[in-house]
Amino acid sequence: MAKKGENRERIDLQCTECGEINYRTEKNKKNTTERLEVKKFCSRCKKATTHKEKK
């Protein structure tokens with residue numbers, strides 16, 4: 001049996017408009033090999049913007 005969180009990787013989500021790193025989350029690196037892109041609220045821009053995975 002695999003250990004819990006063995007395939008999971010912690011990632012930072014960065015706002016595409018202002019560049020602020022607002023969120024930290026985990027993703028399964030085996031199931032989702034491409035970069036994560038999510039629409040989230042940015043506190044600096046004061047609106048919902050696209051946040052991309054920072055490498």
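The paragraphs below go from the overall fold of this predicted model to its cysteines, one buried threonine and one charge placed over a ring.

Read along the sequence, the protein follows the pattern β-β-β-β, which amounts to 4 strands and 0 helices. The radius of gyration is 13 Å, well over the 10 Å that the globule rule gives for 55 residues, so the protein is more spread out than a compact globule. The extents can be set beside that value: taken along the principal axes, the C-alpha atoms fill a box of roughly 45 × 15 × 15 Å. Of the 55 residues, 16% count as buried, and the protein exposes about 4,500 Å², of which carbon and sulfur atoms supply 43%. As for how the chain meets itself, among contacts between residues at least 6 apart in sequence, 33% join residues at least 24 apart.

The cysteines deserve a careful look, since the structure holds 0 disulfides. Cys-18 is in no disulfide, and the nearest cysteine sulfur to that of Cys-18 belongs to Cys-42, 3.7 Å away. Why is there no bond at Cys-42? The closest cysteine sulfur to that of Cys-42 is the one in Cys-18, and because the separation of 3.7 Å is too far for a bond, given that a disulfide calls for sulfur atoms within 2.5 Å, the pair is not counted as a disulfide. The surroundings of these two residues can be described as well: Cys-18 counts as partly exposed, because its relative accessibility is 27%, whereas Cys-42 has a relative accessibility of 0% and therefore counts as buried.

Cys-42 appears again in the contacts of Thr-49, a residue that has its place in strand β4, which covers residues 47–54. Is Thr-49 buried or exposed? With a relative accessibility of 1%, Thr-49 counts as buried, because the limit for that class is under 20%. Leaving aside residues up to four places away in sequence, Thr-49 touches Cys-15, Glu-17, Val-38, Lys-39, Lys-40 and Cys-42.

One of those contacts, Lys-40, leads on to the aromatic side chains. Lys-40 lies over the face of Tyr-23, at 4.6 Å from the ring centre. That distance can be read against the cut-off for a charge over a ring, which requires NZ of Lys to be within 6 Å of the ring centre, besides being within 35 degrees of the ring normal. Between aromatic rings themselves, by contrast, the count comes to 0 aromatic pairs.

Technical notes:
Residues numbered from 1 in each chain as written. Predicted model: local features only at pLDDT ≥ 70, side-chain atom pairs only at ≥ 80, totals over all residues. Heavy atoms only, no water. Buried < 20%, exposed > 50% of the residue type's maximum accessible area, 1.4 Å probe, protein only. Phe/Tyr/Trp six-rings, centres within 6.5 Å; stacked < 30°, edge-to-face > 60°. Helix = DSSP H or I, 4+ residues; strand = E, 2+ residues; numbered from the N terminus. Rg over C-alpha atoms; globule rule 2.2 N^0.38 Å. Contact = heavy atoms within 4.5 Å. Areas by Shrake-Rupley, 256 points an atom, 1.4 Å probe, with all protein chains shown as cover.
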